[in-house]
Amino acid sequence: MILKALTTLALAVAGANAAANQLQQVTNFGSNPTNVGMYVYKPTKLASPLPLIVGMHYCTGTAQAYFTGTQYANLADQYGFIVIYPNAPDSGGCWDVHTNATLTHNAGGDSLGIASMVRYAISTYGVDANHVFATGTSSGAMMTNVLMGAYPDLFQAGSAFSGVPYGCFEGSDMWNSQCAEGLVIKTPQEWGDLVRSGYPGYTGPRPKFQFWHGTADTTLYPQNFWEDIKQWTNVFGVSQTPVTNTTNDPLPGYSWATFGPNVDAILAQGVGHTVPVRESDVLNWFGITNSGSGGTTTTSTAPPTTSSPASGTVAHYGQCGGIGYTGSTVCAAPYTCQVSNSYYSQCL
Ligand SMILES: *[C@@H]1O[C@H](CO)[C@@H](O)[C@H](O)[C@H]1NC(C)=O
Ligand SMILES: *[C@@H]1O[C@H](CO)[C@@H](O)[C@H](O)[C@H]1NC(C)=O
């Protein structure tokens, strides 16, 4: 009892983030055949247009653990986006990334529950349907891949930390050792066809996708990084040879490869399972913080996760004025400071 209390306390302190508001559970948000839990973080000040990030935990994790263990809620306070943390219904805390239902648009599985959360957030919270993003770690990274494939209509971008390609766990049980050990090898065409089978007949735009993997990952072997490259370059019809590949970016030993504007693949030399989340780079990729044309450039100049807003300029969607506000009033180009109300001006 005491030990448990101490452990809980230690975890709470280690994982504490400074988010201003509480995580809230939402029920009755729509079709949810596997009973995925919906937990929402809403900052006090909302950006307009209002972005949404879906943040998905790893196996054994929970919505609460990903809320306290990542900086997205703090950054939501700063940039005004909403975060949904889905909670996996599986007893082991893993996401269903293997059933045909979860891999297929509107067919069921955990992915449909998450899609329903996104639809609910758009209709109920006023989330802008063109600013919806998914990210996750390990099993949550696999689910990010699944959502990119099965719900390309709902998401504009994804960022996956240490996952596997869409469909790699297909046809197995909850865990697929073959895939995990990097033994599921397919051609780019086969991987691309799998993604296209996730939403048959879909011809609209597809979410741009960024994935991170460690070369010393012995849980989900790094071969999955190379299979991911085959898959998503095929989906976007671009070469498997990087257009750019910057070494020591964003950290020493990492290399950041780009394959045109829609695919980024970051390999972390010597890093195991999982690659630590880099929220600032993810927000740049989603276009929430960068001042460029949509997060397509390498982001070595991104501020570190823990930094406060730059004193010089305020990024896209950031606050730049209002009663009681003391920060910078200068927006990063090309944005300008626009009054939302007397308490809140924003870089738009
Ligand atoms: C799901 O099953 C159907 C019917 O067997 C198949 O045609 C489809 O390709 C499968 N979808 C995926 C994503 O594997
Ligand atoms: C990028 O360059 C690094 C360093 O040479 C290399 O290890 C890595 O495999 C390259 N990435 C890709 C995707 O080719």
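Helices here are DSSP runs of at least four residues, numbered from the N terminus. Helix 3 is one of these, and right behind it comes G80, with a positive phi near 80 degrees. Everything below is about a predicted model.

## The chain as a whole

Let's start with the big picture. The chain has 348 residues, and 54% of them are buried. Its secondary structure comes to 10 helices and 13 strands. If you take contacts between residues at least 6 apart in sequence, 68% of them link residues at least 24 apart. The surface that the chain exposes is about 14,100 Å², with carbon and sulfur atoms supplying 55% of that area.

## Helix 3 and N74

Back to helix 3. Because 6 of its 8 residues are buried, the helix is largely enclosed by the rest of the structure. Those buried residues are Y72, A73, N74, L75, A76 and Y79. What sits on top of them? The cover includes strand 2 (37-41), strand 3 (50-56), helix 2 (63-69), strand 4 (82-87), strand 5 and helix 10 (279-285).

N74 is worth a look of its own. Helix 3 runs over residues 72-79, and N74 is part of it. Its relative accessible area is 17%, and the cut-off for buried is under 20%, so N74 counts as buried. Once you set aside neighbours within four places in sequence, N74 touches N17, A18 and A19.

## Helix 5 and what comes after

Helix 5 is another mostly covered piece, with 12 of its 17 residues buried. Among the buried ones are G109, D110, S111, L112 and G113 at the start of the helix, and Y125 is on the list as well. How does the span of helix 5 compare with what you'd expect at 1.5 Å a residue? Its 17 residues (109-125) should cover 24 Å, and the end C-alpha atoms are indeed 24 Å apart, so the two agree.

Just past helix 5 is G126, which takes a positive phi of about 80 degrees. Strand 5 covers residues 127-137 and includes H131. H131 has a relative accessible area of 18%, which is under the 20% cut-off, so this residue is buried too. H131 and L154 are 23 residues apart in sequence, while their C-alpha atoms are 9.2 Å apart in space.

## N145 in helix 6

N145 belongs to helix 6, which covers residues 139-150. Is N145 buried or exposed? It is buried, with a relative accessible area of 0%. Its contacts, leaving out neighbours within four places in sequence, are A160, V164, P165, Y166, F209, D228, Q231 and W232. Y166 also appears in a polar pairing with N145: the backbone nitrogen of Y166 lies 3.5 Å from a polar atom in the N145 side chain.

## The two ligand sites

Y166 shows up again around ligand 1, where the surrounding residues are N100, L103, T104, Y166, E170 and S197. On its own ligand 1 exposes 360 Å², and the protein buries 50% of that. By class, the shell around ligand 1 is made of 2 nonpolar, 3 polar and 1 charged residues.

Ligand 2 has W226, I229, P242, N245, T247, S255, A257 and L267 around it. Taken by itself, ligand 2 has 360 Å² of accessible area, of which the protein covers 63%. Its shell splits into 5 nonpolar and 3 polar residues, with no charged ones. Which elements each supply at least two residues of that shell? They are helix 9 (223-236), strand 8 (244-247) and strand 9 (254-258).

Here are the polar side-chain approaches to the ligand oxygens:

| Residue | Partner | Distance |
|---|---|---|
| N100, side-chain N or O atom | ligand 1, oxygen atom | 2.3 Å |
| E170, polar side-chain atom | ligand 1, oxygen atom | 2.5 Å |
| N245, side-chain N or O atom | ligand 2, oxygen atom | 2.3 Å |

Terms used: Residues numbered from 1 in each chain as written. Chains lettered and ligands numbered in written order. Predicted model: local features only at pLDDT ≥ 70, side-chain atom pairs only at ≥ 80, totals over all residues. Heavy atoms only, no water. Near = heavy atom within 4 Å. Polar contact = N/O pair within 3.5 Å; in protein donor to acceptor, adjacent residues only side chain to side chain. Areas by Shrake-Rupley, 256 points an atom, 1.4 Å probe, with all protein chains shown as cover. Nonpolar A, V, L, I, M, F, W, Y, C, P; charged D, E, K, R; others polar. Buried < 20%, exposed > 50% of the residue type's maximum accessible area, 1.4 Å probe, protein only. Expected span 1.5 Å × (residues − 1). Contact = heavy atoms within 4.5 Å.
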